[in-house]
Number of protein chains: 2
Amino acid sequence: MQKAAIEKNNEAIAAQLAPVGRETVQDRVYSELRRALIGGLFEPSQVLTIRGLADALVTSTMPVREALGRLITEKALEALPNRSVRVPPITLERLDDLLRARILIEGEAIALAAARMGPRQIATIETILGEWDEMRALKHKKDVDREVTLNQSFHFEIYRSCGSAVLIPMIESLWLQSGPCIRVAIYAFSEAGEVDTAQYHRRIVTALATQDAQSARESLVADISRPFTFLRSKLQAVAAKDQT
Amino acid sequence: MQKAAIEKNNEAIAAQLAPVGRETVQDRVYSELRRALIGGLFEPSQVLTIRGLADALVTSTMPVREALGRLITEKALEALPNRSVRVPPITLERLDDLLRARILIEGEAIALAAARMGPRQIATIETILGEWDEMRALKHKKDVDREVTLNQSFHFEIYRSCGSAVLIPMIESLWLQSGPCIRVAIYAFSEAGEVDTAQYHRRIVTALATQDAQSARESLVADISRPFTFLRSKLQAVAAKDQT
DNA sequence: TCAAAGCAAGTGTGATCACAAATCAATAAT
DNA sequence: ATTATTGATTTGTGATCACACTTGCTTTGA
């Protein structure tokens with residue numbers, strides 16, 4: 001009887017430590033790679049090796065190969081005929097393709113969210129906006145990582161309110177695919193006298209606060225289009241120079 | 001020297017057998033499971049075991065677990081907290097969610113395709129339509145599998161013409177997710193005096209042939225909405241009966 | 001000097017094993 | 001008769017090994 005009590009107690013403790021289903025190593029590796037991809041820590045065309053990543057993440061090859069396989073099916077990575085895997089290179093077509101898909105799907109998501117966001121959710125994204133302002137206030141060091149993270153939080157806090165369990169994973173896949181490109185654009189922004197992202201986000205917030213789905217969609221499109229069009233012109237310039 | 005010649009010959013033979021990158025077992029298992037899922041061979045809420053599938057497909061557990069992982073990230077399968085995996089159950093919300101996403105994305109894809117399909121592509125889908133008619137002509141046996149396959153070929157031949165490498169994988173993911181539901185609907189159709197699917201497809205073809213994107217989109221929406229609304233009413237009836 | 005053959009290191013893939021957690025069955029206790 | 005406990009089977013996960021293929025470099029031959 002006492003043994004049972006102890007076990008029961010252990011169960012309770014375990015439940016607190018891991019509320020639902022202990023996190024597996026594979027999942028840890030997977031989200032680690034996801035973060036790296038969305039954050040643009042890998043550059044386009046970079047090839048990844050299973051054993052290399054396994055060493056870097058201090059595990060065996062097993063969880064890594066499974067995580068890579070999952071990322072490949074999401075098109076976040078690309079399987080070459082050599083059976084090696086790399087992060088997809090940037091091309092003009094792919095850039096336009098990605099932007100069009102993001103406008104379509106994220107636009108729909110925010111339109112849905114506009115009708116469903118309560119004061120609670122509005123407050124949350126305003127908080128994120130506030131953190132952004134703080135960061136900009138002490139701009140002595142350009143914390144690109146934090147910038148990316150806050151931007152991601154802002155957008156996904158909105159998308160979470162759209163109430164669609166189907167659209168959200170698709171948006172995540174799109175971010176995974178455009179992550180490496182975006183990072184390049186952000187660096188380019190820094191050099192080319194960047195426009196304040198916060199003002200775009202503010203327009204989105206006011207649109208959402210007034211439940212104006214149409215305006216929210218347009219503001220969002222303007223926001224996510226910026227780095228794409230920027231990168232696009234840059235790529236075209238490079239292409240033109242190559243041709244001479 | 002002769003050894004080299006023999007090797008060269010072997011290479012030539014191998015090249016004919018596998019033009020580019022030998023197909024791996026994992027890929028075979030993956031596409032096998034995909035076909036089964038889209039075809040609705042698994043029923044909603046059914047749980048799948050790695051060793052069970054490995055036995056059924058006559059391989060080790062290795063390729064199966066990798067394929068399952070990939071299908072889980074596509075939301076074609078669901079990972080339970082028990083760490084077991086099942087095909088997602090049907091709910092009213094999920095049904096509406098899936099249909100909305102399919103209308104959004106497949107609608108966009110066909111609108112894009114309308115401007116890009118040449119006589120060659122039109123001829124291809126008309127051929128598929130012809131095969132459908134043949135099948136219906138000798139309707140002595142209801143070949144649901146063939147019906148599903150032809151329907152899939154028809155739609156994806158169109159989507160392939162949209163020219164978007166981003167949208168197509170998303171559509172595949174959506175078909176993967178709605179596959180199990182659709183099969184249920186098709187069976188229900190068979191019992192409830194089915195409407196001819198071919199007439200919906202014919203409207204789509206004429207719209208595409210005249211490059212009428214708007215009409216093509218509307219016809220497509222009508223086509224893919226049918227099984228969903230049918231299943232929806234059926235589910236509601238069941239829910240109402242459960243409540244009494 | 002240069003090209004081709006050969007070798008060696010590295011890589012992905014599949015199979016197998018070890019282990020922990022979960023599931024189920026049967027037994028025991030109330 | 002019903003519930004709780006124990007034990008056995010099954011299952012997912014991670015590690016390791018074996019093998020085939022690729023890649024890059026060295027060495028050999030012209």
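This short presentation describes how two protein chains meet two DNA strands, and how some of their helices pack, in a predicted model.

Good morning. Local features here need pLDDT of at least 70 and side-chain atom pairs count only at pLDDT 80 or more, while totals for chains, interfaces and linings use all residues; side-chain values use heavy atoms, with hydrogens and water left out. Residues are numbered from 1 along each chain as its sequence is written, and chains are lettered from A and ligands numbered from 1 in the order in which they are written.

I begin with DNA strand D. Which residues come nearest to DNA strand D? Of the 16 residues around it, these are Thr24(A), Val25(A), Ser60(A), Arg51(B) and Arg65(B); a residue is near a strand if one of its heavy atoms lies within 4 Å of it. Sugar or phosphate accounts for 50% of the atoms of DNA strand D within 4 Å of the protein, and bases for the rest.

Several polar contacts can be named, a polar contact being a pair of N or O atoms within 3.5 Å; within protein, one must be able to donate a hydrogen and the other to accept it, and residues adjacent in sequence count only if both atoms are side-chain atoms. Val25(A) places a backbone N or O atom 2.5 Å from a phosphate oxygen of DNA strand D. Ser60(A) has a side-chain N or O atom 2.5 Å from a phosphate oxygen of that strand. Arg51(B), by contrast, has a side-chain N or O atom 2.8 Å from a base nitrogen of DNA strand D.

The surface near DNA strand D receives at least two residues each from H2 and H4 of chain A and H3 of chain B. Helices are DSSP runs (H or I, at least four residues; strands are E, at least two), numbered from the N terminus. H4(A) gives the largest share, three residues. By class, this surface has seven nonpolar, six polar and three charged residues; Ala, Val, Leu, Ile, Met, Phe, Trp, Tyr, Cys and Pro count as nonpolar, Asp, Glu, Lys and Arg as charged, and the others, Gly among them, as polar.

I turn to DNA strand C. Here 15 residues lie around the strand, and Arg51(A), Arg65(A), Thr24(B), Val25(B) and Ser60(B) come nearest. A polar side-chain atom of Thr24(B) is 2.5 Å from a phosphate oxygen of DNA strand C. For Val25(B), a polar backbone atom lies 2.5 Å from a phosphate oxygen of the strand, and for Gln26(B) the corresponding backbone distance is 3.2 Å. H3 of chain A, together with H2 and H4 of chain B, gives two or more residues to this surface. The largest share, three residues, comes from H4(B).

Finally, helix packing. Two packed helices are described by the angle between their axes and the distance between the axes. At what angle do H2(B) and H4(B) pack? The angle is about 50 degrees, with the axes 8 Å apart; axes are lines fitted to C-alpha atoms, for helices over the stretch in contact, and angles run from 0 to 180 degrees between N-to-C directions. H2(B) is therefore oblique to H4(B), since angles under 35 degrees count as roughly parallel, over 145 as roughly antiparallel, 65 to 115 as roughly perpendicular and the rest as oblique. The residues of their contact (heavy atoms within 4.5 Å) divide into 10 nonpolar, one polar and four charged.
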